[in-house]
Amino acid sequence: MSRAPVAHRLRGSALGITAGLIGWFILVELTSGILQGYYVPLFSDIVVALGIRDADVNWFEAAQLLLSALVLPVLAKLGDMYGHKKILLIAAILTAGASWWLVFAGTFWTFLIAWALQGFYVVWLPLEIALIFERGRTQNRGVSTTRRAAGLLVVGLEAGAIIGALAAGRIFAATSGDLRVTLMVPAIAVTLIAIVIWLAVPESTPLPGRSLDTGGFVILAWGLLLVTGALVYMRMIGELALGPEAWWWVVGLLAAGIAVFAWFVRYELRQDDPAVDIRVLRKPEMWPVQATAFLVGISLLGAQGPLSTYAGTDSSLGYGLGLDATARSNVIGVYLVSLIFGAVLFAITSRRANPRVILIAASALVGIGYTLFLPFHLELWQVLLNLSIAGIGSGALVAALPAAAAAAAPLGQTGIASALTNTTKTIGGTFASAVFGVVLAAGAGAVVGQTAGSLGGYMAVWAICAGGGFAAAAVLFFVPKVAFADTLPEESDAVAGETEVR
């Protein structure tokens with residue numbers, strides 16, 4: 001056998017794509033992880049530098065969350081219309097600008113605005129998935145290639161988070177506590193990655209004749225703003241100990257948000273090129289994936305705060321681990337490593353096993369891991385074991401869901417479909433964070449003389465997380481057998497209605 005045909009097949013194979021395009025995207029996700037892990041250990045020093053209270057840090061997360069929810073679907077749709085690389089590069093440049101602004105922001109409000117604008121990085125992963133999928137689709141292997149690549153991207157993301165968390169404190173100490181110099185490190189990293197995207201990433205081929213549904217996006221933005229605003233306000237009720245009348249605002253905002261979403265659905269069904277294709281969203285290949293993203297967001301994004309506070313709770317109360325800050329960081333580190341392991345496991349097993357079965361198993365692992373917290377939570381090894389089980393499942397799901405959404409989307413809608421998994425996951429995490437905040441704040445009153453949440457409050461958190469995992473596993477049984485396969489777009493449309501529950 002000649003070597004030339006082998007080399008030709010390698011260049012056209014998933015391996016060839018992974019060695020090229022995916023290699024650059026791993027660097028992009030490594031940078032994204034650094035952004036997400038680097039600042040957390042510095043929050044106490046940022047509070048001192050800005051002259052604010054610890055509680056004010058919550059507004060950073062809330063502002064970035066709101067902006068991310070608003071811009072994510074718009075940027076993803078623009079990527080489908082004009083080219084995913086163009087929008088990826090614009091998002092990287094905006095993130096770099098915001099990161100440099102953080103270096104020189106000297107007041108709470110300037111830091112808050114810069115922190116919110118840094119949230120443009122949330123669109124990186126959906127656009128990368130779309131680029132990978134569109135390139136693989138031309139060789140009729142877009143789905144399988146994207147599945148394996150997504151696992152590697154998540155490895156880069158979580159590895160970056162670990163590197164960022166470990167590096168921040170050490171760099172701060174090495175600079176003799178110079179916060180401004182310390183904050184330059186992630187800004188430099190994002191600047192370099194913007195150059196990498198500009199020079200090394202190829203462009204996708206957008207479909208001609210597309211239009212931006214401005215009206216639809218405005219309605220969607222208002223709906224997201226109302227719902228996420230209600231959830232953020234709900235969490236603040238527990239943190240600020242507001243009176244019962246504050247709940248009327250939550251109910252009013254949620255009701256208004258739901259009404260706006262109902263209006264959005266009716267509006268989109270009348271559009272020729274909608275912001276979000278509701279007909280695609282209703283497909284049996286798509287809605288279980290989006291529902292799973294929401295349910296997984298409950299534990300993946302909502303449970304990290306309660307986990308940290310439980311690990312630090314004084315064990316003399318009869319629960320909690322009584323760990324100091326360093327030991328708590330190690331617990332989080334074990335969880336992040338389990339996410340990496342789950343992503344790698346998904347990338348390996350998806351080559352041979354049925355992807356739908358893997359998704360169901362991964363969701364079940366999340367449910368099992370958090371269920372084990374109910375009887376086993378008093379010893380460190382028990383907490384680490386439970387977290388590792390849940391983390392393996394979560395890591396596989398984080399890798400799988402954007403790829404699954406891209407596989408279910410028609411040509412020209414892969415970016416928005418992948419982005420919606422991030423949006424629904426974020427809403428799920430925001431919902432859970434709000435509920436958990438209220439539950440734990442209410443439980444704190446039951447512990448006389450303590451600010452710690454009650455054991456009953458933590459039990460409720462773990463039970464909700466477990467329920468989310470098992471509910472996701474049940475929802476995924478409704479995915480048809482033809483989903484997540486390497487089929488041509490026209491073949492997918494022909495079998496879209498063949499739903500099989502088994």
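Are F111 and W115 buried or exposed? Both residues are buried, where buried stands for under 20% relative accessible area, exposed for over 50% and partly exposed for whatever falls in between, with a 1.4 Å probe and protein chains only. The model behind this is a predicted one, in which local features need pLDDT of at least 70 and side-chain atom pairs count only at pLDDT 80 or more, while totals for chains, interfaces and linings use all residues. Numbering runs from 1 along each chain as its sequence is written, and side-chain values use heavy atoms, with hydrogens and water left out.

On the overall picture first. The protein has 20 helices and zero strands, both taken as DSSP runs numbered from the N terminus (H or I over at least four residues for helices, E over at least two for strands). Of its 502 residues, 53% count as buried. Contacts, meaning heavy atoms within 4.5 Å, reach well along the chain: among those with a separation of 6 or more, 80% come from residues 24 or more positions apart.

Next, the core. A nonpolar core here is a set of buried Ala, Val, Leu, Ile, Met, Phe, Trp, Tyr and Cys residues joined through side-chain atoms within 4.5 Å. The largest one holds 143 residues, and F25, F60, F111, W124, Y370, L387 and F436 touch the most other members. Helix α17 (residues 380–408) gives the most to this core, namely 15 residues. Leaving aside residues up to four places away in sequence, L387 touches L307, V331, Y335, S338, Y370 and F373.

Then there are the aromatics. Rings of Phe, Tyr and Trp (the six-membered ring for Trp) pair if their centres lie within 6.5 Å, and planes under 30 degrees apart count as stacked, over 60 as edge-to-face and the rest as tilted. By this rule there are 17 aromatic pairs. One of them joins F60 and W115, a tilted pair with 5.8 Å centre to centre and 35° between the planes. F60 sits in helix α4 (residues 57–82) and W115 in helix α6 (residues 108–117), so the pair ties together parts that are 55 residues apart in sequence. F60 and W115 are both buried. The ring centres of F111 and W115 are 6.1 Å apart and the planes meet at 20°, so this pair is stacked. Both of these residues belong to helix α6, four residues apart, or about one turn of the helix. F60, F111 and W115 also turn up in one aromatic cluster together with Y38, Y39, F43, F108 and W109.

Two helices show how burial is arranged around an axis. In helix α3 (residues 43–50), I46, V47 and L50 are buried. Looking down the axis of α3, the buried residues fall within an arc of 105°, so they line one face of the helix; the arc is that of the directions from the helix axis to the C-beta atoms. S44, V48 and A49 are exposed on the other side of α3, and G51, with a positive phi near 70°, follows the helix. In helix α14 (residues 304–312), the buried residues are P306, L307, Y310 and A311. Their arc, seen down the axis of α14, is within 130°, so they too line one face of the helix.

A few polar residues are worth a look. S363, in helix α16 (residues 355–371), counts as buried at 1% relative accessibility. Not counting residues up to four places away in sequence, S363 touches T292, L397, G469, F470, A472, A473 and L476. The C-alpha atoms of S363 and V475 are separated by 9.9 Å, with their positions 112 residues apart along the chain. T421 is placed in helix α18 and counts as buried at 3% relative accessibility. With the same neighbours in sequence left out, T421 touches V289, Q290, A293, L401, P402 and A405. S176, by contrast, counts as exposed at 70% relative accessibility. S176 lies in the loop between α8 (142–174) and α9 (179–200), and has a positive phi of about 60° although it is not a glycine.
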